[in-house]
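Student: Can we walk through this model together? I'd like to go contact by contact, with the cut-offs spelled out.

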Amino acid sequence: MFRKNRLFTPGPTPLLPAAQFAMAAADMHHRTPEFKALYSKVLAQLKQFVGTQNDVLLLASSGTGAMEASVSNFTSPGDRVLVLSAGKFGERWASLTKTFGLRPDVVSAPYGETFDQAAIRAALHDDTRAVYVQATETSTGVRHDIQAIAALLRQANSNALLIVDGITGLGSTHFDIDSWGVDVMIGGSQKAVMIPPGLSYLSISERAWAAAETAKNPRFYFDLRKERKNAKAGESAYTPAVSLIAALGAALDFIASQAGGDLAAGRTLLVDNAQTCATMTRTALTAMGFTLFAPTAPAAAVTAVATPDGIDSSAVVKELKSHYGATIANGQGEMKGKIFRIAHLGYFDPLDTIALVAALEHIAKDTLQLPVEFGQGLVPAQSIYAAAMKV
Ligand SMILES: *Cc1c(COP(=O)(O)O)cnc(C)c1O
């Protein structure tokens, strides 16, 4: 039997062929008019993709690099900050802020859940300098309500910067960054924008720039002020990841092309697409008797599914790989063996979802020996897609 390798992981996600070709063709020096034109174009497109009037900067790093920059550039040692943590990536904010000498107050929610707004309100103090949160917690498949958190900060007349890890939120969630008042929104290349790992990007509000002027934490490679100055001239401070930037340009062109050349409208379609695929997946797996790990606030970026007691989720991961060449994600840390995760953000479509649901039925029925019949998940998934087509 022939099998194609297919990624269903929430980063890296499947690559867009047009972006791969653009990478292969990107044979240019970075201090040339050719590159400047490419870089300026991609930075302008990124603003539209993120959906903001704020500056958007690109960094040659994985997503964590932009998370680190969002700590080092806007804070000073001893600053009080609020970390909202409900999974592995929330925990990363907590360790990052401690690494830079901050004093984080932590509001946590159990894995699989989102925060209690009253708990956030109670943990917000007059001297809280920044709030760090994920838009979607990829390790648990939860979506946090950024709009509500932003509104809460306003109601409390807080001066805290709102710093959002949108690494899997961008392209899977609708945001209105400027009107909600999100100061920093972070993205990563290996998620919704369909290209390999290696780039991070972030939008930065004027309020955050003001904080960067007085912040005393050390920064060198990730000095955002230096990047901003260079970006205005179509350059990056250090050698940029030229081929990835070419790939990103091609991917953003593709997203725009899905909506007649309008990138903002293309992003809306990308988000709606992820949401449709996520709804199909959740409905199918529930109909097959699985339990969703994050039923109350599910993300469209990724669906986390609990395996029944006595069944190690690693078996699902392993069998999908050996029977179908498909890679899904296991749980991270202590969730390993208990959940499996299926991505919807980026270069996926409903047909990918239908195929994966069919494969999961097969694994559930024959390998896990669960009481699942063929069609049990597929029919509800097909119905959701058919209904979505009619509106
Ligand atoms: C993937 C991801 C990151 C970044 O991880 P890197 O490995 O540094 O790219 C951060 N936050 C979330 C929510 C993610 O999904």
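Student: Which residue does Glu91 meet in a salt bridge, and at what N to O distance?

Tutor: A salt bridge here is a side-chain nitrogen of Lys or Arg within 4 Å of a carboxyl oxygen of Asp or Glu. Side chains of opposite charge can pair when their charged atoms come close. For Glu91, the side chain it meets this way is that of Lys88, with N to O at 3.1 Å.

Student: Where do Glu91 and Lys88 sit, and about how many helical turns separate them?

Tutor: Quick caveat: this is a predicted model, where local features need pLDDT of at least 70 and side-chain atom pairs count only at pLDDT 80 or more, while totals for chains, interfaces and linings use all residues. Residues are numbered from 1 along each chain as its sequence is written, and side-chain values use heavy atoms, with hydrogens and water left out. Both residues are in helix α4 (residues 88-99), helices being DSSP runs of H or I with at least four residues and strands E runs of at least two, numbered from the N terminus. They are 3 residues apart, so the separation is about one helical turn.

Student: Is Glu91 buried, exposed or partly exposed?

Tutor: Buried means under 20% relative accessible area, exposed over 50%, and partly exposed in between, using a 1.4 Å probe and protein chains only. Its partner Lys88 has 21%, which makes that residue partly exposed. Glu91 comes out at 29%, so the label is partly exposed.

Student: How many residues apart are Lys36 and Glu235?

Tutor: These two form a salt bridge, with the closest N and O atoms 3.4 Å apart. Lys36 is in helix α2 (residues 33-50), while Glu235 is in the loop between α9 (224-232) and α10. The pair links distant parts of the chain, and the separation is 199 residues.

Student: Which of those two partners is buried?

Tutor: Lys36 has 32% relative accessibility, so Lys36 counts as partly exposed. The other partner has 17% and therefore counts as buried: Glu235.

Student: How many salt bridges does a search of the whole structure find?

Tutor: Another example is Arg225 with Asp223, whose closest N and O atoms are 3.4 Å apart. There, Arg225 is partly exposed at 30%, and Asp223 is buried at 11%. Salt bridges that share partners also join Arg31, Lys36 and Glu235 into one network. Over the whole structure, the search gives 13.

Student: Which residues in the largest nonpolar core touch the most other members?

Tutor: A nonpolar core is a set of buried Ala, Val, Leu, Ile, Met, Phe, Trp, Tyr and Cys residues joined through side-chain atoms within 4.5 Å. This one has 114 residues. Its largest share, 10 residues, comes from helix α10 (residues 242-257). The members touching the most others are Leu58, Ile146, Leu162 and Phe340.

Student: How far apart do the C-alpha centres of domain 1 and domain 2 lie?

Tutor: The bounds, from an automatic or database domain assignment, are 6-12 + 262-390 for domain 1 and 17-257 for domain 2. Contact means heavy atoms within 4.5 Å, and 33 residues of domain 1 are in contact with 33 residues of domain 2. The C-alpha centres are separated by 27 Å.

Student: How far from an oxygen atom of the ligand is an N or O atom in the side chain of Lys191?

Tutor: There are 14 residues around the ligand, near meaning that a heavy atom lies within 4 Å. Gly63 places a polar backbone atom 2.9 Å from a ligand oxygen, and Gln190 has a polar side-chain atom 2.8 Å from a ligand oxygen. For the side chain of Lys191, the value is 2.7 Å.

Student: Last one: which side chain makes a polar contact with the side chain of Thr303?

Tutor: Thr303 is in strand β12 (residues 302-306), and its 3% relative accessibility means that Thr303 counts as buried. A polar contact is a pair of N or O atoms within 3.5 Å; within protein, one must be able to donate a hydrogen and the other to accept it, and residues adjacent in sequence count only if both atoms are side-chain atoms. At 2.6 Å, the partner side chain is that of His344.
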